[in-house]
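This report introduces one protein chain to a reader who has not seen it before. The sequence and the model come next, followed by notes on selected parts.

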Amino acid sequence: MLPFQRILFPVDYSDRCRSVVPYVNDMAEHFSAALSVVHAHGVGAPRFSDLDVADPGWPKAVLRLEQQRLKGFIEEAFPNKTVQPFLEMGEPDHVITDVVRHHGTDLVMMPTHGRGPMRKLLLGSVTAKILHDISAAVWTGGEYQIKPANHAYKNIVCSVDLGEESEVIARGAMCVAASFGASLSLLHVIEIPPPNLDVDFTSFKQDLEEAANFGLRDLKARLNADIPHTALVTSLTAAGVRDAAAAQNADLIVVGRGRSQGGVSRIWSRLYDIVREAPCPVLSI
């Protein structure tokens with residue numbers, strides 16, 4: 001996974017999109033990664049992904065306008081940087097997935113939807129589908145999560161479920177932290193039913209914490225790393241990750257998403273709740 005070699009930035013020219021530009025630029029420079037941008041325009045016409053090749057499915061005037069618009073965005077957002085443009089006709093999630101599969105992308109960086117009270121209810125459908133469908137790492141951040149004055153990562157929280165993918169996710173987080181010279185901590189959130197249910201979990205809380213701490217210590221032993229860790233008991237995983245990240249002033253959360261990639265689990269995936277609730281950008285790997 002690391003170092004990232006090819007970064008893809010889907011653009012829709014919105015303010016949310018523009019707010020992510022500094023992070024994309026910094027990530028590309030930090031890893032000396034090749035940068036591509038993709039814009040999906042309309043539906044119902046043949047695929048078009050090479051700006052130097054005319055497609056008969058595009059009216060010439062529309063094609064010329066879209067080319068100029070994408071070129072202008074790139075020149076404004078990434079001056080003096082070599083950027084590969086993709087202009088596609090089709091649904092955005094299909095377009096992005098297609099580019100990722102055919103051009104060796106290993107990191108997609110994109111904004112999320114929702115702000116204010118609505119952010120807890122909304123996750124852009126394109127973002128949700130990308131998180132679900134592609135194998136590349138995905139960086140997501142909303143306007144409410146962006147810190148314009150500082151794009152570097154200093155404090156990283158890696159949330160693990162202590163399942164099969166936890167070691168891979170933790171090693172990825174270690175690589176990111178080492179690359180940026182950032183501090184790293186491990187977090188495991190133990191989700192229990194909310195207190196309004198007629199079940200008393202108070203007597204089990206200590207046992208749950210002890211078991212989780214044992215699992216975290218075992219994970220660190222396998223990583224051969226002395227990383228601070230926290231086992232947190234809460235009724236909601238996303239809220240636990242959010243609160244722990246806020247308490248540690250984290251500027252990046254690293255999570256896994258293997259379990260979110262499969263059938264109807266997309267609807268219930270805790271990953272989407274974490275992305276919605278996070279106080280900072282989320283890197284899902």
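## Terms and model

Two residues are said to be in contact when they have heavy atoms within 4.5 Å of each other. The model described here is predicted.

## The chain as a whole

The protein chain has 285 residues, and 48% of them are buried. Its secondary structure consists of nine helices and ten strands.

Among contacts with a separation of 6 or more, 81% join residues that are 24 or more positions apart. The exposed area of the protein chain is about 14000 Å², of which carbon and sulfur atoms supply 53%.

## Nonpolar cores

The largest nonpolar core contains 54 residues. Phe9, Phe78, Trp139 and Leu283 have the most contacts inside this core. Helix α1, which covers residues 15–30, gives the most to the core, with seven residues. Apart from the largest core lies another one, of 31 residues, including Val38, Val99, Ala250 and Val275.

Which residues does Phe9 contact, leaving aside its neighbours within four places in sequence? Cys17, Val20, Val21 and Val24 are among them, and so are Leu35, Ser36, Val37 and Val38. The list is completed by Phe73, Phe78 and Met109. Phe78, one of these partners of Phe9, is also named with Phe9 among the residues with the most contacts inside the largest core.

## Helices α7 and α9

Helix α9 spans residues 270–277 and is mostly covered, with six of its eight residues buried. The buried residues are Leu271, Tyr272, Ile274, Val275, Arg276 and Glu277. Val275 also belongs to the core of 31 residues.

Helix α7, residues 237–247, packs with α9 at an angle of about 35°, and the two axes are 8 Å apart. The crossing of α7 and α9 is right-handed. On the α7 side, the contact involves Thr237, Ala238, Val241 and Arg242; on the α9 side, it involves Arg270, Asp273, Ile274 and Glu277. By type, the residues of this contact comprise three nonpolar, one polar and four charged. Ile274 and Glu277, which take part in the contact with α7, are also among the buried residues of α9.

## Ser185 in strand β7

Ser185 lies in strand β7, which runs over residues 183–191. Is Ser185 buried or exposed? Ser185 counts as buried because its relative accessibility is 7%, and the cut-off for buried is under 20%.

Leaving aside neighbours within four places in sequence, Ser185 contacts Ile156, Val157 and Cys158, together with Ile227, Pro228 and Gln248.

How values were computed. Residues numbered from 1 in each chain as written. Predicted model: local features only at pLDDT ≥ 70, side-chain atom pairs only at ≥ 80, totals over all residues. Heavy atoms only, no water. Helix = DSSP H or I, 4+ residues; strand = E, 2+ residues; numbered from the N terminus. Buried < 20%, exposed > 50% of the residue type's maximum accessible area, 1.4 Å probe, protein only. Areas by Shrake-Rupley, 256 points an atom, 1.4 Å probe, with all protein chains shown as cover. Axes fitted to C-alpha atoms, helices over the stretch in contact; angles between N-to-C directions. Left-handed = near helix turned anticlockwise from the far one by under 90°. Nonpolar A, V, L, I, M, F, W, Y, C, P; charged D, E, K, R; others polar. Core = buried A, V, L, I, M, F, W, Y, C linked by side-chain atoms within 4.5 Å.
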